[in-house]
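Biologist: Could you take me through one part of this model up close? I'd like to hear about the place where the ligand sits and what surrounds it.

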Amino acid sequence: MYRISLEVTMPANLPPQYKEAEAKLKSAKTPEEKIGILQEMLAIMPKHKGTDHLKADLRNRISKLEKMRASKKTKSRSDSRFMVEREGAAQVAVAGPPNCGKSHLVQSLSGSQVDVADYPFTTNLPTPRMMDYEDISIQIVDMPPITLDFMEWWQTALVRGADLVMLVADLSSDALLAETRMVRERLDSSRISLINNPPAEKEIGRAYKRTLLVATNLDSDGSPERLKDLRKEYDGAFPVIAVSNATREGIADLRGTIFSMLEVVRVYTKPPGKPASMKDPVILPKGSTVLDAAKQIHKDFASKMRFTRKWGKGAFDGQRVEKNHVVEDGDILEFHI
Ligand SMILES: Nc1nc2c(ncn2[C@@H]2O[C@H](COP(=O)(O)OP(=O)(O)OP(=O)(O)O)[C@@H](O)[C@H]2O)c(=O)[nH]1
Ligand SMILES: [Mg+2]
């Protein structure tokens, strides 16, 4: 039987949100719930030397809880239903009010079946599906609806950890503006801001998540007027894309928008003198360098690298590039070690 201590000595300068999270931790029951709260506490912690010790302690407790989860597989099976293992190039969380077409949208994007029904709260567990985009795949995670008084603890953790949020609004609903505000308000009370560009000053412990607003039911009566209202409220705040899950209008464009909003680049590698492997590119954040790409392939690679040749944008074929050269989507790199 493992016992995890919940007591920690606190440096004096921790924000009040930390205390709140710590209080929640005391009443948390499952390891998954505790891991979620500990991760939140780590995010809240100010970054300075005085908190190094406490951070290490939190990480240690997270890893003990994770081990505990792994060793108690049968017992924790019901709880592991709430955890989503990341897969593919990125993870997108789907948030929205009840019955707005979230699951149908995930089905349209992924081509695989999801529970869709004409009543609220059809989805009650995280449901990951893979969406193909050109030569990569992106994980889209369907979730239960969010209302002012309904959001599970694990939904907060999932949104916080996602690379992008798809906020879904229903163009067949007269209440779409109020519903969308409600979802944002609920997330906001869990210290999650849906944004397009990160603010200059960030609040400690608050997650700022890039968001794409997807309006479903473009095929419904009155959708043009409601879309106009939605754009009026959100243009400039988030990109707004309208789709129909019934006619599939807008779905192909949405795939491209999701990829571009992830702000990642795909880099391919080739051994000297051989053709490049155009499968399974390395996925890196935009602005990454040749050195970042090398590090991702192998930790020894970066230190042993003598020089690199590149095929791609902004270089002639096979041009030697420096370690700090910024790579572009589609570049092929040939590392010489
Ligand atoms: N005509 C039309 N119907 C849609 C569209 N999107 C969703 N629907 C229908 O709306 C109903 C609700 O869709 P779901 O995808 O289950 O909604 P949800 O947001 O996942 O609902 P919860 O999981 O209960 O929150 C279903 O009957 C869908 O077929 C659309 O773009 N056009
Ligand atoms: Mg659903």
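Modeller: Sure, let's start with the shell around ligand 1: its residues split into nine nonpolar, nine polar and three charged. Bear in mind that this is a predicted model. There are 21 residues around the ligand, and K102, H104, F121, D219 and N245 come nearest.

Now for the backbone contacts. A polar backbone atom of N245 is 2.7 Å from an oxygen atom of ligand 1. For T122, a polar backbone atom lies 2.8 Å from a ligand oxygen, and with N99 a backbone N or O atom sits 3.1 Å from an oxygen of ligand 1. As for cover, the ligand on its own would expose 650 Å², and the protein buries 86% of that.

The space ligand 1 takes up is the second largest pocket, which has a volume of about 340 Å³. Its lining is made of 24 residues, and N99, C100, G101, V116 and A117 are the ones nearest the centre. So N99 turns up twice: it lines this pocket close to the centre and has that 3.1 Å backbone contact with the ligand. Helix α5 (residues 102-110) gives the most to this lining, with three residues. By class, the lining has ten nonpolar, nine polar and five charged residues.

The largest pocket, for its part, has a volume of about 910 Å³. It is lined by 34 residues, with G36, Q39, M83, A157 and L158 lying nearest its centre, and α2 gives the most to that lining, with eight residues.

Conventions:
Residues numbered from 1 in each chain as written. Chains lettered and ligands numbered in written order. Predicted model: local features only at pLDDT ≥ 70, side-chain atom pairs only at ≥ 80, totals over all residues. Heavy atoms only, no water. Near = heavy atom within 4 Å. Polar contact = N/O pair within 3.5 Å; in protein donor to acceptor, adjacent residues only side chain to side chain. Areas by Shrake-Rupley, 256 points an atom, 1.4 Å probe, with all protein chains shown as cover. 1 Å grid on protein atoms, 1.4 Å probe; cavity = no way out; pocket = protein on both sides within 12 Å on 5 of 7 lines; lining within 4 Å. Sits in = over half its atoms within 2 Å of the grid points. Nonpolar A, V, L, I, M, F, W, Y, C, P; charged D, E, K, R; others polar. Points joined across faces, edges and corners; volume = space filled by probe spheres on them. Helix = DSSP H or I, 4+ residues; strand = E, 2+ residues; numbered from the N terminus.
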